[in-house]
Structures are given as C-alpha cells and as structure tokens.
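Please open the structure in your viewer and keep a selection panel at hand. The tour starts at a pair of strands and moves outwards from there.

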Amino acid sequence: MLDTPKDHGTPRRISEQEVTLEIDGMQITVPAGTSIMRAASEGGVNVPKLCATDSLEPFGSCRLCLVEIEGRRGYPSSCTTPVESGMKVRTQTPKLQSLRRGVMELYISDHPLDCLTCPANGNCELQTMAGVTGLREVRYGYEGENHLDLKKDESNPYFTYDASKCIVCNRCVRACEETQGTFALTISGRGFDSRVSAGTDQPFMESDCVSCGACVQACPTATLQEKSVIAIGQAEHSVVTTCAYCGVGCAFSAEMKGNDVVRMVPYKDGQANEGHSCVKGRFAWGYATHKDRITKPMIRSRITDPWREVSWAEALDYAASEFKRIQLKHGRDSIGGIVSSRCTNEEGYLVQKLVRAAFGNNNVDTCARVCHSPTGYGLKQTLGESAGTQTFKSVEHSDVILVIGANPTDAHPVFASRMKKRIREGAKLIVIDPRKIELVSSPHIKAAYHLPLKPGTNVAMLAALAHVIVTEGLLAEEFIASRCEDHSFNQWREFASQAENSPEAMQAVTGVSAELVRGAARLYATGGNAAIYYGLGVTEHAQGSTAVMGIANLAMATGNIGREGVGVNPLRGQNNVQGSCDIGSFPHELPGYRHVSDTTTRHLFEQAWGVEIQSEPGLRIPNMFDAALDGSFMGLYCQGEDIVQSDPNTQHVTAALSAMECIVVQDIFLNETAKYAHVFLPGSSFLEKDGTFTNAERRISRVRKVMPPMAVYADWEVTVQLSNRLGYPMDYTHPGQIMDEIARLTPSFTGVSYAKLEEMGSIQWPCNEAAPLGTPIMHVDQFVRGKGKFIITRYVATDEKVTKKYPLILTTGRILSQYNVGAQTRRTENVQWHEADVLEIHPHDAEDRGIQDGGQVLIRSRSGETVLRAKLTEHMQAGVVYTTFHFPESGANVITTENSDWATNCPEYKVTAVEIKAVAETSGWQQNYSRFTLNQQALLDQAKPV
Amino acid sequence: MDMNNLIHMANKIGIFFESQPDHDEALKGIAAHIHSFWAPRMRIQLLEYIDQNEVTSLTPIVLSAINRHRNDLQPHP
C-alpha cells in the first residue's frame, strides 16, 4: 500500500483566531485564513479539484471546486475563498455536479483517451475527477482542433513532458516558482494555444530547469511523468525513508514494486523538506543497483595481487586475524577505524565502539574531520553545544539572512528553495563569498550585499563586521548583559573596536570595500531577525574554527540567538555529518561530545561495554596518515569513506596507505581507497538497511530498509561480526537496539527511540526528560554552557601564500548535480549535467595566459599538478580559480595541501596557491592514475567466484 | 611522526592563543588544547624533541606553555 498523505488542496494556515463554519451540514473549526476547500477536506469532505494542491497557493483556474454558499450569488471556487464564521457551504448539489461535469467534458474533449496505456493510469487526478463528476459522454466530439499530436519532450533523463496530456492547470509552473524558486517554466501562448513551456519554448534540458522534480510532483496527469514509472508501472507499496545525500535530510516515500524502486517521492509530512526535493534525492538513486556494485567479499595479501572472492566468514576471519597480528607486532595503538558521515548513526556508533572496545584504543575518526570539525569545536567553545541552533523552518521568520561560505542552491538545494522563498517575501540577503554564487543574483533574488572577499580572509571579514557593530553602537546590550559572560564580552569588545579590525583597515586584506562591509554589518545588526548560514567555505580553512567562533560572536553581540528566525546554522555537507559527530566518531570524544578523559563518562561506557577505555585521545585522520608513514599505524578499518579521493594531498594519502599492512574497506563500490585495500567487505546502500540519520538541524530521522541487502548483510551486521571475531562480542539483532544503547548512555538522546520516531516522524535532539519532544530551537533561555562566551578571533593570514610562482588562489566546492566524491552520482544520469570537473577562471586571468574556454590547463600547486578543461566565467573574481572534486581522474586533491585548521586539522581545501598554463597533455599524476586504475580493474576482473 | 609537522601544528595553536588577552590563560589554553586533541604518541614525540634540542623551532609561547604545563601533557600511564 502506498503511504500518500492526504492532499487538502490548499496550504495550512496558521492563526490564533479560529473560525467555525458549516459545510454540508457539518460544523468545522479551522484557523482563520483557511480555504473552504481545506476546511472541507479536514472535515472529511472532498471537494473535486484539479488545479489545487496543498503545496501551492490557490489559483482558482480549473473551476471544479465550485461550491454554493448560503446568501451568496454564484458559485465561488472553494480553493480561493477563505472561511468565514457562520458560513454555510454546500459542496454537493445537482447544480454543482452539472457545472463540474461540464468543465470535465471540456477538458476531456482535448485529452488523449488512452487511459489504459497511460503511465499515470491508477494515479491520475484527471481520471479520478472524470469519475467523481460522473462524466459519461463528451458532446463536442474529438475531431475538433486539439493538442493530441504535440511532440513529447524527452530531453530530461528522468522525466518526460507530454504536452498532449496537459490541462494547463499551472501546477507545474507554480511549483517551479513557489516551491523551487527557479522560475524555469511558464505558460506560453494564449487561449487555446496555451501550453507549459520550459524556458523560452526550449527542451527541458536546455532550459534553466534544475530537475528538482517539483513540477512532476505537482502534475495531476501524466504530462510530466517519471521515466521510471513509464518503464515499470505504478508502485504497489511504499516505505518512508531519509535521503542519503546532503545534510538537509529530506524524507522520501520510496515507492516500490516488490524489491524494485519505482520512484522516490518527496514526503509531504517530512519535517526537513515538507514535500520538496532536488535532482539528487528525487532521481539519482539508480547507483544503488548499478552494475559496479560489489556484492562478494574479497581479500588479497598485497595490493598488487588479484582480488580473491571469498565467503563472508573467510573475509571477516582474515580481517580480524590481520588486525590481531598487527597489534601483536606493532602494539595496541597501531590500528584504527574511519567511518563515513554517509553511514547511519547506528553504524557510526558501532564502529567507534568496535575501535574503543575491540581494538582497545581511541583511533577512530569520521570524515566530518575534513568538513565540519571546526563547527563542533567553535560552537562548543562559544555556545556550549557542537550543533546548529535552529530548525530549517525557522528561516520563515528571518528578516535578514547572512550566507557566508556556503552555496545552498547547489549543495543544500531544498533548504535553498525555502530560503529563497523567504527572500522573495522580503527578507534581505547578505552573501559573503569569493564567487558570485547563484544566490547573489537569480530570478526574483538579489542580494542586498555581496561581499566578494578573497579566499582565506573570512576571519578578517568577521572582525570587520564586529568592529562596525561595536563601534557604531549596534550591540544588543540587554541580551549580552543577561545572557553572556561579562569578562569575555568586555575583552572581545575591546578587541573588536581596535582600529586594525576596522573595515577600512581590513579592506586591503579582504579586497572588499569598507563601505560595503559597513552596510552589511548595519543590516545584520539592525534589520530584525538575522540568521547566519554557513558551510565549508567557513570551516575548510587554516582558521576554520576561528571563523566559526567569529560567527557565534556576531550572533551573540546582536542578540540573534535563541528564538525563531535567527541563530547560527552550519549547513552540513553530507547526510549524517551531525550524527556521526554526535555518536562519538571523533577520537577524543565519546557519544554526546564528552571527552575521553572525563572519568565519569568513561566509567559509564566501561560499565555498559564491559571493557576499559583509554583515557587519551586517539589519532585523527591526518595523524593516522603521518603515523602510517612513520611505521606506527599499520591497520585501518574504513567504512563508507573514500579518503584517497576526498582527503587533501592525494599523493601523501596514497603513500600512507601503501605503507600500511592491512586496509579493510567496507563500501558498495571499489572506490579509490579500496584500490589500496587488502580486504573488501561489500557495503549496503541506504535502501538496504535500517537506521537513522541526523541532519543539519539536529533532526534524527529513520532510514528504513526497502529492499534486502545485495550482499546479504547490512553494514551494522558486518561490524558486529567483525567485533565478534576480534573477541569482543556484540549481539544486536536490530539497529533499534543500538539506538536504545545510545539513548541509555547519552544525556541529549535519552528520550530517543525508534518507537518515538515512528510516533513523531523525527526528533531534534536534545530529547530527554527536560525536552521530551525534542528541541527545535537551542539556547532559548540560556546557553548550553550557561553564559555565552565571546572569544577573540584575530585574523592570521594562511601559510598558503600567493607568490610569483603561484599567483592564483584555487578554491574548491560542489555543484548541484554531483555529490561529494561522486561515487553515487557519477553512476547516474546526473552526469548529463556534469560529466567532468572543470576549472573555472576569470576571462582576464585566462587571457593573460592564453587560455581558451574549453582548453586544457595544467594546475600546479606546491603539492602537485593536474590537468582540467577551462571554463571562463565572470562569476569568478580575477586571481581566483575554482574546481570541484567529483571525479577521481580530475585529481583536485592532488593539488590541495596539508595545511589545516589549527584546532581540528580540518584541511584548508578552500585556499591553494596555484599557477596554471595551457597544455596539450594530462599530468604525470593523471597518467600514473590511469595506469594504476587499469591495473586495479584487471586485478578485480581476476577475482574468482567463491 | 613528522616532527616538522608536529611543530607546525603546535605553533599554529600557539598563534591562536597568543591573541588571547590573559597570558597565563593562553599558556594554559595551548597545553590544554594539545592535551585534549593530540594522541599520546604525538605529545611524547614533541616532549622528547624539546628535551633533545636546546634550540627548537617552537615559538616562545608554545615552548613556555609546554614547559609550564609539562606534567599535564605527559600521557597517562
């Protein structure tokens, strides 16, 4: 059975005032502002409709929802008519039925009568309404002028546009505007010629369409239809689960036919996305059953040996024996584990438990190390908790939105749509970013301020903003006095007011005019509810943690924390970055961000786990590489993470891995890291297991198994078996038991359980006795640490200096259609949007070097060199170049350096000094990479069946 | 582990805390940070480096911090 929430026709209205009316003789009470259609629906009365759907504002065009209202003339449309107290409405009368039937007759007179072979058969609102209105004949015949021969647009890889089935209800156009905010669709032509059109009568793929699927979702017919539905047919059951892409954590209904996914439909009741989606979550799930999946365990002694397919028992026995052998030879601390933030909370918890209890050390880390570890550090120091402060919905109450070092339209698209909606409603936008990102200027969106700073100068910019706030009397004195530490504030105020931090002084550092900075600071401090959203453009710097603390300082100084519409909001890169940090994946912290040296906490876990836990921190990922190269770290269990492609200075990483004696990789594909592995344990995709993800707003949501694991076991089961073989028994039979253990041992999770998640849909931690329903907004009455702490954040230039030899700054990032290392999205049709990483460069820089658009360019840094195609764009500032890291052969991280954040070792991906030049050949590294990859593929091809 | 890298990391920590107004707190902060986030083998190596070299590449504030809080930086037995 499909889990499809009821469509009430028009959006829910929120009002303290309630209105009672009578609909078909029934008394119904709803908030003021509610439409008659919705009031009726909530009361169980379904008014016929076609152009109305409750994700969109009412439009009143289809004329099917006409009702009679006592004392009023005519037949108003119920979707556009708000309820009034005492109103008496009739939704079903012979006259209304006759009118509706007449409307349907007109629709059907220009509609192909191919219901039996139509892909929407059984799930078509037009078909349903024909039945509801009792349509039995079409008096006009079908021979007149019609649209039945219009050609299909099949350019989009995921859905078709069949204009012959279009009823011009405008739902798709409105969805593109209201829900997605792209404005790619319109109605072209007038009168009878009116048709939905992408762009200026272009094929969808040539238009501005971002393939979010909102139009397909809104379409009441088969006009916009998923190709998977056309190919497979309608689903027969569905399971609600959580997307495994970015940190927004959208809820989806996986619509299934047996064990096959028919389509992923954004779940309307999902609290993170409220029914919206992006091209990745909505359509790019085909990787889960891609032919590259490896479903049999494999082992080999050396990475130059062919892989050998073995049984699960043999693979796990071998991995365990190798780990034991290495510990015997090199000591207890010579092995460790890395768990990806793509894995579930339960998987992350088990890996850190395995490392601490079975390996007997704290050498466990997560890929959050290389993205948001500075967030954990910086927010803990200032506010007291390593997490964002708000819900996504909070942005609906923002008056000023400050986006720094984030590109939400590409990296967090569903939240970006929400943000853009608020900006269209009038909120002011400040963008601090070296690039002219889409938010700076796009349809109906224009940033009030774009501060195009030089990469690596965030802290200088934040200091300049603070200077204006302090010296121009814009401080929230009352908030600071009551909520923050006096001593630290006074010290910070003195620091911020120093002339060296003024926008005028910092202008030479940031490259941004003082006037712009002053304007932006004034707007942030005085524009009403002001919220800061930031991403990896803040954290992935030598001063990443300092910048996070600088952001927290600004929020406290202006009183923008602890209520709706404000706050400090880290936009997490991967789906479970927040969760992986929460559940103890860092080497220095047990679950709940408690340091391993905290005796009370350690004893709690020791008692529960029945082992002694080391009281000293373990190695972080970069430390593991260094220790491998000095011979003291020789074994690694790596679950779901591709460190070779995603970590900086690739050649350093591969040298470290090559020095190790046993690397166990657990993944769904033979990723770049697996090419250096000795044991391959097949992983399970998010569709094949149960668990939870925690998104950027601390929202814990269920991941539900919709198909059996292709390799027999879910990832958590593999960790359990490995632990058992290492002599530390684990006996979980379901991830729910793991969550129960997390809840028992972690104060901020004590109220979390699978039963409660079933009941509530999702929960934002802390969820405990003090907050049994979770905590949407943090730090409401006081900061988690008591008083907020201001911290001095002096700007220090990065060591990665621009010189005559390396005169440009390379900064890296992501794009909409690809995700992280691309292991998933490269194996989908998303490659049609982005088939290779390119180097974006300002035309002036290109001209100086004789570089043509599309030409090959060598990028050389102090770490290495690689070759990419050039893309000339004025979205870049002169002196700065940009690329993505979605394709391994690009070697983006061959160029990035080992410079890292002073506090957390988060790599400085965003600043690398480079020189570029036009070349004809790929780089030496790329040629070696091609040879190595071909060789590894041959070794994989030689794997023999068990 | 690469000593130069450890020195570099320690000096970066020192630069952050050097900007804090209270010098004693800054020294404490440097030591506490290294103690909280560095694995024992890294701390041992750093301490041995200081013991074995009269002149180090560590910045004065880092050296002061380590010397003052040396006992805190020793790994637990």
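Select strand 22 (residues 530-534) of chain A together with strand 23 of chain A, which pair in the parallel sense over four bridges; strands here are DSSP runs of E of at least two residues, helices are runs of H or I of at least four, both numbered from the N terminus, and two strands pair if DSSP finds at least two bridges between them. Within this pair, pick A:Y534, whose bridge partner in strand 23 of chain A is A:P570.

This is a predicted model, in which local features need pLDDT of at least 70 and side-chain atom pairs count only at pLDDT 80 or more, while totals for chains, interfaces and linings use all residues. Residues are numbered from 1 along each chain as its sequence is written, and chains are lettered from A and ligands numbered from 1 in the order in which they are written.

Next, extend the selection to the open sheet of five strands in chain A, ordered 21-18-17-22-23 with parallel pairing. Strand 21 (449-451) and strand 23 (567-570) of chain A stand at its edges, each with a single partner strand, so one side of each lacks a neighbour in the sheet.

Now show chain B as well: 19 residues of chain A are in contact with 20 residues of chain B, contact meaning that C-beta atoms, placed from the backbone, lie within 7 Å. On the chain A side, the largest share, three residues, comes from helix 22 (residues 621-629) of chain A.

Finally, zoom out to chain A as a whole, which has 30 helices and 37 strands and whose C-alpha atoms fill a box of roughly 90 × 75 × 65 Å along the principal axes.

Conventions:
Contact = placed C-beta atoms within 7 Å.
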